[in-house]
Amino acid sequence: MAVSFYVTTPIFYGNGEPHLGHAYSTMAADILARHMRQRGEDVFFLTGTDEHGEPIALAAEKQGITPQELVDRSATQFRDMVARVDATNDFFIRTTDPGHVERVQRVVERVKENGYVYKGTYEGWYCPRCADFKSESEIGPGDTCPIHEIPLHREQQENWFFKLSAFQEKLERMYEEDPGMVVPDFRRNEALAFIRQGLRDVSLSRSELSWGVPLSWDPDQVMYVWFDALLNYYTALGYARDGEDLTERYWPASWHIIAKDILKFHAIYWPAFLMAAGLEPPRRMFIHGYLLMGEKKMSKSLGNVLDPFEVIDRYGADALRFYCFREVSFGQDGSISTAGFEGRYETELANDFGNLASRTLAMVSRYRDGAVPQAEPDPALTADFEGIVERVSGLLDEAQISQALEEVWTLVRRLNRYVEEAQPWVLAKDEGDAARLDQVLYCLVEGLAVLARLLHPFLPNATATLLEALGQPGLELAPFGAGEGGGRVEKIDPLFPKLV
Ligand code: MSP
């Protein structure tokens, strides 16, 4: 099997408008995809929209439009969001794509042939907003949905069922044998605790709803939307490229990036369903936390959103990408704020990184007429840069996005201190210091190039501009000291202009 890297985001509900929470998962997946491409990996990056199910049918009815009109509008908005954050997805799946619908039907038929589907009566509580059947432990006071705080429906339906209970031991064993499959660890433990409570079979289909994928053997029933949605990760590979099936090349997925709200579906239903179909479960999933405004989860209904489009209009996508992973440790919940954003923009992007870049380019222009000197790396820096590419790569292999960024930023600060220690402007005054000045300038250019390449997944635009100006536009990762000097630099406008 070819070694490849396949990363996904959740597919977003086609009845909502994109907000920073959705952008967050998308940016995270994009950071991993870009980094892996720099390492020469064969990458596929998928995102898209989840367009079936009751919540969408209900929302369309409320607005007096058809579900198709609703999801067409929403898919356009999500596609736009993905482009605005500069995500480099290889495909955008919509679960209303005929290519998806057909393949969902085929997979479910296999699950049935393998003996994991039976007809039964579902009786229990259902939240139409979650599209989730709630077990006793998931019910709020007065039979409400603890997430949406709305009354749950008591349902009694003839449905087709999926024999989830048959996978209890297999799932337990899978997580014991491969504990790195769900990270962070505490999320895997949550999933295991849920499994150990005992798994009950779940509805695989719904009657009384037509907005979904019909079961081929019983077209009066449509697939329960979560199975339809989860299958996107698999079906997309079958039709993303005309005339080419990418399934062998990319399945199983390397990483599903999701937030904690959909852990149960991904860590329990999804691997079980794949096993039932005779398919391999995903290799790993990373469960990130929520971006909070103050203490609350950002959500449209609470009206407390930091609008990613406004931030991008004013500061650019790079700044948004940087801020989200710098401010909140990826994997944890964390608060974000406009003031916090402006602070980091100013101190870290404009000062630490932007100024370092401008100063370096200006000094090479002024003291060496734009030619990068050829010199030996300064041992004072070599030791600090030693192993940086391996460290960052190792962290990103584990989707430790914030820690990887912190590693690089430590060296951004180190290079700033180096300028202050070496004082090139003093060296420039004395011909006797020419060789030392050559070395300092070489080191600054070389250090900046190493850091710009490592930062490229986080700051794709600024680093492309900078690498171009440094005369080293290639993105391939290389250690400090590998550059030979001798190239030419150009001056540039500030990478992160100060805004008044
Ligand atoms: N359609 C389902 C997912 C199906 S995947 C097979 C869904 N969609 S959603 O539109 O509600 O998106 C949920 C996802 O959006 C979360 O898992 C998370 O990735 C992201 N986020 C939404 N709000 C968020 C925050 N406030 N903070 C961080 N991420 C958030 O669930």
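**Exercise 1. Place Arg-188 and Gln-168.**
Task: Which helix holds Arg-188, and is the residue buried or exposed?

Solution.
Step 1. Arg-188 sits in helix α6, residues 185-196. The model is predicted.
Step 2. The relative accessibility of Arg-188 is 11%. The cut-off for buried is under 20%. Arg-188 therefore counts as buried.
Step 3. For a long-range reference, take Pro-379. Its C-alpha atom is 44 Å from that of Arg-188, with the two positions 191 residues apart along the chain counted as their separation.
Step 4. Repeat for Gln-168, which belongs to helix α5. At 17% relative accessibility, Gln-168 also counts as buried.
Step 5. Look at the side chain of Gln-168. It makes a polar contact of 3.0 Å with the side chain of Glu-172.

**Exercise 2. Classify Gly-180.**
Task: Where does Gly-180 lie, and how does its accessibility class come out?

Solution.
Step 1. Gly-180 is in the loop that runs between α5 (168-177) and β8 (182-183).
Step 2. Its relative accessibility is 23%. Buried needs under 20%, and exposed needs over 50%. Gly-180 therefore counts as partly exposed.
Step 3. Compare positions in sequence and space. Gly-180 and Gly-289 are 109 residues apart along the chain, and 18 Å separates their C-alpha atoms.

**Exercise 3. Test a cysteine pair.**
Task: Why is there no bond between the sulfurs of Cys-145 and Cys-127?

Solution.
Step 1. Count disulfides in the structure: zero.
Step 2. Check Cys-127. This residue is in no disulfide, and its nearest cysteine sulfur, in Cys-145, is 3.8 Å away.
Step 3. Apply the cut-off. A disulfide needs two cysteine sulfurs within 2.5 Å. The 3.8 Å from the sulfur of Cys-145 to that of Cys-127 is therefore too far for a bond.
Step 4. Add the surroundings. Cys-127 is buried, at a relative accessible area of 0%. Cys-145 is buried too, at 0% relative accessibility.

**Exercise 4. Read the three-strand sheet.**
Task: What is the strand order of the open sheet of three strands, and which strands stand at its edges?

Solution.
Step 1. The order is β10-β12-β11, and the pairing is antiparallel.
Step 2. The edges are β10 (205-206) and β11 (214-215). Each has a single partner strand, so one side of each lacks a neighbour in the sheet.
Step 3. Take the β10 side. Two bridges link β10 to β12, residues 218-223, in the antiparallel sense. Arg-206 stands opposite Val-222 of β12.
Step 4. Take the β11 side. Two bridges also link β11 to β12, again antiparallel. Here Pro-214 stands opposite Val-222 in β12.
Step 5. Describe the connection. β11 and β12 make a hairpin, with two residues between them.

**Exercise 5. Read the four-strand sheet.**
Task: In what order do the strands of the four-strand open sheet run, and how do they pair?

Solution.
Step 1. The order is β6-β5-β7-β9, with antiparallel pairing.
Step 2. The edge strands are β6 (132-134) and β9 (202-203), each pairing on one side only.
Step 3. Move inward. β5 (117-127) and β7 (153-162) pair antiparallel over 10 bridges.
Step 4. Fix the register with one pair: Tyr-118 stands opposite Phe-161 in β7.
Step 5. Recall what holds such pairs. Strands of a sheet pair through backbone hydrogen bonds.

**Exercise 6. Map the ligand site.**
Task: Which residues come nearest to the ligand, and which backbone atoms approach its polar atoms?

Solution.
Step 1. The ligand has 25 residues around it; Ile-11, Ser-25, Asp-50, Asp-261 and Leu-291 come nearest.
Step 2. List backbone approaches to ligand oxygen. A polar backbone atom of Tyr-13 is 3.0 Å from an oxygen atom of the ligand. A backbone N or O atom of Ala-259 is 3.1 Å from an oxygen atom of the ligand.
Step 3. Turn to ligand nitrogen. A backbone N or O atom of Leu-291 is 2.9 Å from a nitrogen atom of the ligand.
Step 4. Check the cover. On its own the ligand has 670 Å² of accessible area, and the protein covers 95% of that.
Step 5. Assign the shell to elements. β2 (12-13), α1 (20-38), α7 (225-230) and α8 (232-239) each give at least two residues. The largest share, four residues, is from α1.
Step 6. Sort the shell by class: 14 nonpolar, eight polar and three charged residues.

Notes: Residues are numbered from 1 along each chain as its sequence is written. This is a predicted model: local features need pLDDT of at least 70, side-chain atom pairs count only at pLDDT 80 or more; totals for chains, interfaces and linings use all residues. Side-chain values use heavy atoms; hydrogens and water are left out. A residue is near a molecule or strand if one of its heavy atoms lies within 4 Å of it. A polar contact is a pair of N or O atoms within 3.5 Å; within protein, one must be able to donate a hydrogen and the other to accept it, and residues adjacent in sequence count only if both atoms are side-chain atoms. Accessible areas come from the Shrake-Rupley method with a 1.4 Å probe; for residues, only the protein chains shown count as cover. Ala, Val, Leu, Ile, Met, Phe, Trp, Tyr, Cys and Pro count as nonpolar, Asp, Glu, Lys and Arg as charged, and the others, Gly among them, as polar. Two strands pair if DSSP finds at least two bridges between them. Buried means under 20% relative accessible area, exposed over 50%, partly exposed in between (1.4 Å probe, protein chains only).
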